[in-house]
Amino acid sequence: MSRMLIVLVSYLLVGVLGVSAMNFYNDVDLTWGGDKAKIMENGSLLVLTLDKDSGSGFQSKAEYLFGRIDIKIKVVPGNSAGTVTAYYLSSQGSTHDEIDFEFLGNVSGEPYTLHTNVFSQGQGNREQQFCLWFDPRLDFHTYSVIWNPQAIIFYVDGTPIREFKNQEDKGVPYPKNQPMRLYSSLWDAEDWATRGGLVKTDWSQAPFTASYRAFAADACLFSNGKSSCTDDSRPSGRWWDQSLDSIGMKKLKWVKDNYMIYDYCQDSKRFPQGFPPECSP
């Protein structure tokens, strides 16, 4: 199938269903890094590269206001200390909303740290970190976000690792009014990424690469000030109504008990005057 036909089919599917057809030519713009960001294999593979001169990045063409976002990522292999592979949804401005996955590299043989955060109306500082139950350098794994009016749920290979509930009744701002794009980048953060900046980037290992496949957005598209999801066309029965059932809660507890290495809601030194309101049951 030619690239033009692939793009046309993808465009029709997005327009009719609001679901990405998993083709990077149609779904994203390469935004910085020049030829360090490349789309290959007829649009099924995207590769970001980092060297001492520059990193690289891309963003989704569409904006979303609630949805399910999935992408397969293979992070920087080998000695990745000092590098960050960021994958996140974000709006713009000083009071922006943001939903973050960040993969903090490490020296060979030591585990990656998966750093997550949620910003609402410009307020972040809601970090949770994990060391995963596999080595994300070795293969592609699926990283997903479900964002609906009730909750934001982070998934790794279908396993929930974090849930941020809508707790506006406690005075906690919740992302619900600002459309967001998907962004991803590979960049150098040797000042803080690995052991607080103690381990620096080994540029003799450059170029560093992160690879992406199977980007899918089953989402409410936002364009010209309007959402594609109206009262009559909301995707009920899919992600719009999704929450964690008893099995999902057990999986979430398993991840927290075995793989979480930092939770802001347990950092009493950081919050000596009391934890943020969303931390209470």
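**Note on the predicted model: R181, R162, N117 and the packing**

1. Leaving out residues up to four places away in sequence, R181 touches Q59, S60, K61, A62, E63, Y88, L89 and S90. In this predicted model, R181 belongs to strand β13, which covers residues 181–188. The side chain of R181 reaches two backbone oxygens, that of S60 at 3.3 Å and that of K61 at 2.5 Å. The relative accessible area of R181 is 21%, so the residue is classed as partly exposed, and a reader should bear in mind that the limit for buried is under 20%. Between R181 and D241, which are 60 residues apart in sequence, the C-alpha to C-alpha distance is 21 Å.

2. On confidence, the protein has a mean pLDDT of 91, and 92% of its residues reach 70 or more. The stretch to treat with reserve is residues 1–17, where pLDDT stays under 50 and for which the model has 19 contacts beyond four places in sequence.

3. What surrounds R162, a residue of strand β12 (residues 159–165)? Beyond residues up to four places away in sequence, R162 touches T116, N117, V118, R126, E127, Q128, F130, I152, I153, F154, L252 and Y264. With a relative accessibility of 1%, R162 counts as buried, although arginine is not among the residue types admitted to a nonpolar core. A polar atom of the R162 side chain lies 2.6 Å from the backbone oxygen of R126. As for its position relative to K74, R162 is 88 residues away in sequence and 21 Å away in space, C-alpha to C-alpha.

4. N117 is found in strand β8, residues 113–119, and is likewise buried, at a relative accessible area of 5%. Which part of R126 lies 2.9 Å from a polar atom of the N117 side chain? That part is the backbone nitrogen of R126, whereas the R162 side chain has a polar atom 2.6 Å from the backbone oxygen of R126. Apart from neighbours within four places in sequence, the contacts of N117 are E98, I99, D100, G124, N125, R126, E127, F154 and R162. N117 and R162 are therefore in contact with each other while both being buried, at 5% for N117 and at 1% for R162.

5. Strand β5 (residues 63–74) pairs with strand β14 (residues 208–223) in the antiparallel sense, over nine bridges, and with strand β10 (residues 141–147), again antiparallel, over seven bridges. K72 can be used to follow both pairings: its bridge partner in β14 is R213, and in β10 it stands opposite T142.

6. After β5 comes S80, which is placed in the loop between β5 and β6 (83–90). Is this loop residue buried or exposed? At 0% relative accessibility, S80 counts as buried. Leaving out residues up to four places away in sequence, S80 touches G105, N106, Y112 and R137.

7. The largest nonpolar core has 63 residues, of which F101, Y143, W147, I152, Y212 and F215 touch the most other members. Its largest share, eight residues, comes from β14, the strand that pairs with β5 over nine bridges. Separate from this core is a second one of five residues, including V84, A86, L104 and A193. As a general remark, nonpolar side chains tend to be buried together in soluble globular proteins.

8. Aromatic pairs number 19, counting rings with centres within 6.5 Å of each other. One of them joins W203 and F208, edge-to-face, at 6.0 Å centre to centre and 65° between the planes; F208 is buried, with 2% relative accessibility. The ring centres of Y264 and F271 are 6.5 Å apart and their planes stand at 65°, so this pair too is edge-to-face. Y264 is buried, with a relative accessible area of 2%, and is one of the residues that R162 touches.

9. Ring pairs also link Y87, F101, F103, Y143 and F154 into a cluster. Two members of this cluster, F101 and Y143, are listed among the residues with the most contacts to other members of the largest core. Another member, F154, is in contact with N117 and with R162, which ties the aromatic cluster to the buried residues discussed in points 3 and 4.

Key: Residues numbered from 1 in each chain as written. Predicted model: local features only at pLDDT ≥ 70, side-chain atom pairs only at ≥ 80, totals over all residues. Heavy atoms only, no water. pLDDT = per-residue confidence, 0-100. Contact = heavy atoms within 4.5 Å. Helix = DSSP H or I, 4+ residues; strand = E, 2+ residues; numbered from the N terminus. Buried < 20%, exposed > 50% of the residue type's maximum accessible area, 1.4 Å probe, protein only. Polar contact = N/O pair within 3.5 Å; in protein donor to acceptor, adjacent residues only side chain to side chain. Pairing = 2+ DSSP bridges. Core = buried A, V, L, I, M, F, W, Y, C linked by side-chain atoms within 4.5 Å. Phe/Tyr/Trp six-rings, centres within 6.5 Å; stacked < 30°, edge-to-face > 60°.
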